[in-house]
Amino acid sequence: MEAHAPGACDRSPNLPSISPGEPLSTETLASLRSLIINPSTPAVAISSLTETLTRSLQLSRDPHRTLKLLSDLAAQHPHLSGLVFDSVRSNSLLSTESTRVAAESLDLLASISERNRSLTPAIEEIDDRLFASLCFSPAPATRPWLIRNAGRFGVQPYLLSSMFLGFTKDPYPDVRRAALDGLVGLSESGVIDDGDMIRGCYFRASELLNDMEDGVRAAAIRVVLAWGLTLMACDSEAKAYWSDEVFVKICSMVRDMSMEVRIEAFHALGKIGMVSQDILLQTLSKKVLVTTKEKKSLAQCSDEQLEVSGSSVAGAFMHGLEDEFHEVRKAACHSLGTLTILSSKFSGEALNLLMDVLNDDSMLVQLQAFETMHQMATFGHLKVQEKHIHMFLGTLVDRNTLTRSAARKILKLANLPNLKLFRSTIDTLLDNLEMCPQDEADILNVLFHIGRNHGKFVVRIIEEVSQQMEPVSNGKLGFDNVRVVALLVLAISAPLSQERNCGIPASIFSYAVTYLGRISHALSDIIHQDGLLNYLSQCSRSPGPYDIEFDFRLRGLPGLIAMPLPQKQGGTSEILSPTVKEPRVAGTALVEHSLDVQVTKSINVVLEKVKDIWPFVQAGYTTEGLRTLRSCREELATLTSGSVASSATFAFTTQYIKIMKLLVKAWVYILPSRHIPSSGMGDLDFVLGKLDVRLSELKSTYIRLSKEEELHILELMLVTCMLKLSKIEICCHLGTLRKLSCTMAHAEYLLQDGTVEPSRFMIEVRNLSSEVGTSLNGSSCNPSLFRRALESFSLKQLVLCGGLKHIKAGLEIPDNDYGHPLRFVAGLPVGIPCHITLHNVLVESRIWLKMTVSGTDDTQFVYLDSTLFGGCDDCRIVDFTAPFYKTPKAFSFTVSVCICMEYLSEDVSFLKRCGPRHELTYLCREKEVFLSMVK
C-alpha cells in the first residue's frame, strides 16, 4: 500500500472517487487519515492531501470530519500548521450557522496557536462579538465547551464576567457549572478590580449554594471562596467582616446531602486565612455558645440573623469528622489543621476531637489526623494533657508502619508538661523498640529530639536507670541490648537542651562511642558521624557543665564544636573504647561493606541503562527498549556469579527489570494509533494486572528501602493506575481510583518533610486526584485527563543504596513425591507435614499457608502463628502439620501448597470471615503434594 502513497490524492487505486468538485466520502476520509499518520508518506503526497482537505472544507455541508483530519495534519506535520490555520479562517467556518462546526473550528485554531506561538496574535484578533454570538446560539451542547475555553480566545475580561454571570441562570446545569468555573478563573487572574462587579460575582454564587444540582453547588462554593478572598484583599478595613462572612456561608454547606459538596466545603474552609476565634470555637460545639450569643460575632450578624448563622457554624467540624465517608473526614481533618494555626485556644479544643480520629477505620484519615497534630506542634499549639497521652501512645504500637512513624514524628516536637507524662512516653518508646526492631533508627531519632526538648526530665530518668547502662561483666557492655542504646541516645541529648548544667556522667558519653555506627545512622538527618564523634569525645572528658554550641543546620560537620580533639604524637586523634585499652578496629566489617558498595555501584550502572531506554519507548521504539532490558538482565547475571554481596539486591534488581518490561508493553497502548498492536485491549488488561501484582510484591517483600527507592516504586504504581484509568475499556474504575488515592497519600507522607522533591508526574497526579476524587463511577471518568497526566511521566534512574533485605520463605514437604504419596480417607481431614523457613519476616506479619486442589478453585487457608517459629527475624524455622479438610472422593489427587503474606494495604480488602482479609503476596513457589486414598 505504501508504494502507492505518493499519488494517493491524484491517481491512487485506493481512492478512485476523488473529484475536485465533489465532497469527500467517509471512506475516502478514512483512507486519507491513514496517509496522514503514516510517517512514511512522502512530502508531495502530504501537500496534495492538504490541498484536497482545504478544498473539501468549502464543499462539505458537515465538515467536522475534515476539521479533525486537518487537526491531525497540523499535529503530525507542524510545518503545515500555518497553512491549515489560514485555510480554516478563510473558509468562513466561524460565521457558519452550525454552532458545532464553528466551535470545532475555534478549537482547531486555538490548538494550532498553542503549538505555534507565532500564530497567537491571530487567534486573539477573533471578534468578541463572534464568540458571544456562538455562546448565545440555540445549541446548548456546545455552550459549556465554549465557556470553559473562553480564556483561549483572548475575550475581554469584563465581557466574560458579564457573560458568566448571565449563564449562571442558564436552565442547563452543565452550563451553570461551567460559568461558575469561569468566574473562579477570572478571580484568580486578578484582572477584575471593580468593587461592584466583585460583589456581584460573590452574591450571585451565594445564591447558587441552594441550586438543585450537586455539581453546581460544589462549583458555587469555589466561587464564594475565590471572590470572598478577593473582597478581603480589596477592602482592608472590612477584611475581618468579609472573612467571617465567607466562613459562615461555607459552613452552611458542610451538612449538604452530597458528599462532593461536603468535601468541597471543607477544602474551602481551610483556605480562609482569617476567622474570629468565637466562630472557630463554635465549629467544635453543636450547641450555640454563650459567648457567641453575647458578642454577636458571627459575621457581625443582626439579631434576626444570629440564630440562623449560629446554627450554620455550630458543630461544623464535629459533623465533618463524624461523616460516613472517609473522604469527607479526611478533608475536614485537613481543613482543621490549617485553621489551628490561627488560635491556640481553638487548637486545644480541636485536639480533643483529633484524639478520637486516631481510632478511625481509614488509615488515610488517621494519617491526616497525625499531620494536623504535627502542624499544631510546629506552631507551638499542641498542648498534650494526661487525658490525651494514653490514646496517643497507643498508636506507637500500631501494626501499621506509617501510623507508628507519624506518631513518632509528632513526639519530636511535643512539649510534655510533667515528668509523669515524660516517663510514660519514654517507656512506651522503649517497648516499641523491642516490639518493632525494624524501627530502631526512627525511634532513636525521636528519643534524641525528646531529650533536647526536656533536658531536666532526661537527667531525672538517667539517674534512675544509670545502672542499666554500666558494663555487665568483665568491663563489657551488653551489645545486643537495644534498650541500652536507646537510653544512651536519650542521655547524650541532654547537654544540647536548655538544661546546660545537667548531671549526666561523663562515662555515659564514652559508652555511646561504642555504638557510634548505630547512633550516627539514626541521627543522620541531624548530625554527621564525624561531628557526633567530636561531640561525644568532648563530653566524655568534661565533668560539666556542658557549655556546647552546636549548629544542627549544618548536620554537625567536623569542626563545628568549639573544643578540638586532643592529638596523639603522630597528629592523629585517639578514641578509646570504654572496655578496650587500644583503638578499636573494624577491619572485617569494613571489607564486607566495601565489597557491598562496589557491587551496588555496578548494579546502579545497569539501572542507569534501564533509565536510558525511556526516550525510545516514548518515541514508539519499544522493540529497542525491550532488547536493552534483555541485555541488562544478562549483564546482571554476570555480576551475580561470584559475588558475595547481598542476594536481596540482585533479586530486587531482577524483579525491577521484569517490571520495566511489563511497563514498556503497557506503554504501547497510549502511543499514537500506529504503534498499537492488533492484540487489543484484552492483552492490556492482562499486562496491567500483572504489572500491578509485581509492583505490590516489590514493595511488600523488601525491607530497608530508602525513601527515594520507595518513592520510585510508588511512582510506578501511580503510573499503573493512570494507565488503567486512561482506557475506557478497562473496568473497575472505582477500585483503581481508590488505589490511586491511597498510593498518592503514601507518597505525600514520604514527601512531606521536604528532603525529596516530588517529580512533575507526581504533582500532576496530586492535582488530578484532588479534582477527580474517589466518589466517581466508571462512566464519569474522562480518560483524556489521565492520558494528559501520563504525558508528564519521565522515568528517573533508580539508585540503590544497598542493605536491602528480602522477605521470602522456603517450603519443603518431606518424604512425598509421586511414588510416595500421603494416605487419606475421602471426606476426612488429612495432615500435610511442612518444613517451613521464613527469612526476614517480621513478627507482626500475617502469614498463611494456601492449599488448592489442583485443577479446581477449591482453596483452603491455614494461619501460621508467629509464636510457633523459633529463631530470629532473619531466619525462623518450624515443622508444622497443616490440616487439609476438603479431601475429595477420588482415588488420588494433588494439592498445590504455598506460603503467602497479607499485604496490609487499605485499598484492597477481600472481606472474608475466614482466611486473609487483604491482598496476598506469595513468598515461595507452589509445591505439589501427592495424596492417594487408603485402600
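This is a dialogue about the terms used to describe a predicted model.

Biologist: What does the chain come to in secondary structure, and how much of the chain is buried?

Modeller: The secondary structure comes to 39 helices and 12 strands. Of the 935 residues, 51% are buried.

Biologist: Why is H24 called oblique to H26?

Modeller: The axes of H24 (residues 419–435) and H26 (residues 455–465) cross at roughly 60°. Roughly parallel needs an angle under 35 degrees and roughly perpendicular needs 65 to 115, so an angle that fits none of the named ranges counts as oblique. That makes H24 oblique to H26.

Biologist: Which residues make the contact between H24 and H26?

Modeller: From H24 they are Leu419, Phe422 and Arg423, and from H26 they are Phe457, Val458, Arg460, Ile461 and Glu464. The two axes come within 10 Å, and the crossing is right-handed.

Biologist: Phe422 also appears in the account of the largest nonpolar core. What makes a set of residues a core?

Modeller: The members are buried nonpolar residues joined through side-chain atoms within 4.5 Å. The largest such set has 223 residues, and Ile250, Phe392 and Phe422 touch the most other members. A second core, of 36 residues, is separate and includes Cys834, Ile836, Cys924 and Leu931.

Biologist: Which residues are in contact with isoleucine 250, leaving aside its neighbours within four places in sequence?

Modeller: They are Ile221, Val224, Leu225, Ala265, Ala268, Leu269 and Ile272.

Biologist: What makes S6 and S7 a pair?

Modeller: Pairing needs at least two bridges. Strand S6 (residues 847–853) has six bridges to S7, and the two run antiparallel. Therefore they meet the criterion for a pair. In one of these bridges, methionine 851 has glutamine 860 of S7 as its partner. The hairpin has five residues between the strands, and glycine 855 takes a positive phi near 85° there.

Biologist: How do the side chains of S7 alternate?

Modeller: Gln860, Val862 and Leu864 point to one face and are buried, which takes under 20% relative accessible area. Thr859, Phe861 and Tyr863 point to the other face and are not buried.

Biologist: Why are S3 and S8 said to stand at the edges of their sheet?

Modeller: The sheet is open, with four strands in the order S3-S5-S9-S8 and antiparallel pairing. Strands S3 (808–812) and S8 (870–871) each have a single partner strand, so one side of each is left without a neighbour in the sheet.

Biologist: How do you know that S8 and S9 pair?

Modeller: S8 and S9 (residues 876–884) are joined over two bridges in the antiparallel sense, and at least two are needed. Glycine 871 has arginine 876 of S9 as its bridge partner.

Terms used. Residues numbered from 1 in each chain as written. Predicted model: local features only at pLDDT ≥ 70, side-chain atom pairs only at ≥ 80, totals over all residues. Heavy atoms only, no water. Buried < 20%, exposed > 50% of the residue type's maximum accessible area, 1.4 Å probe, protein only. Contact = heavy atoms within 4.5 Å. Axes fitted to C-alpha atoms, helices over the stretch in contact; angles between N-to-C directions. Parallel < 35°, antiparallel > 145°, perpendicular 65-115°, else oblique. Left-handed = near helix turned anticlockwise from the far one by under 90°.
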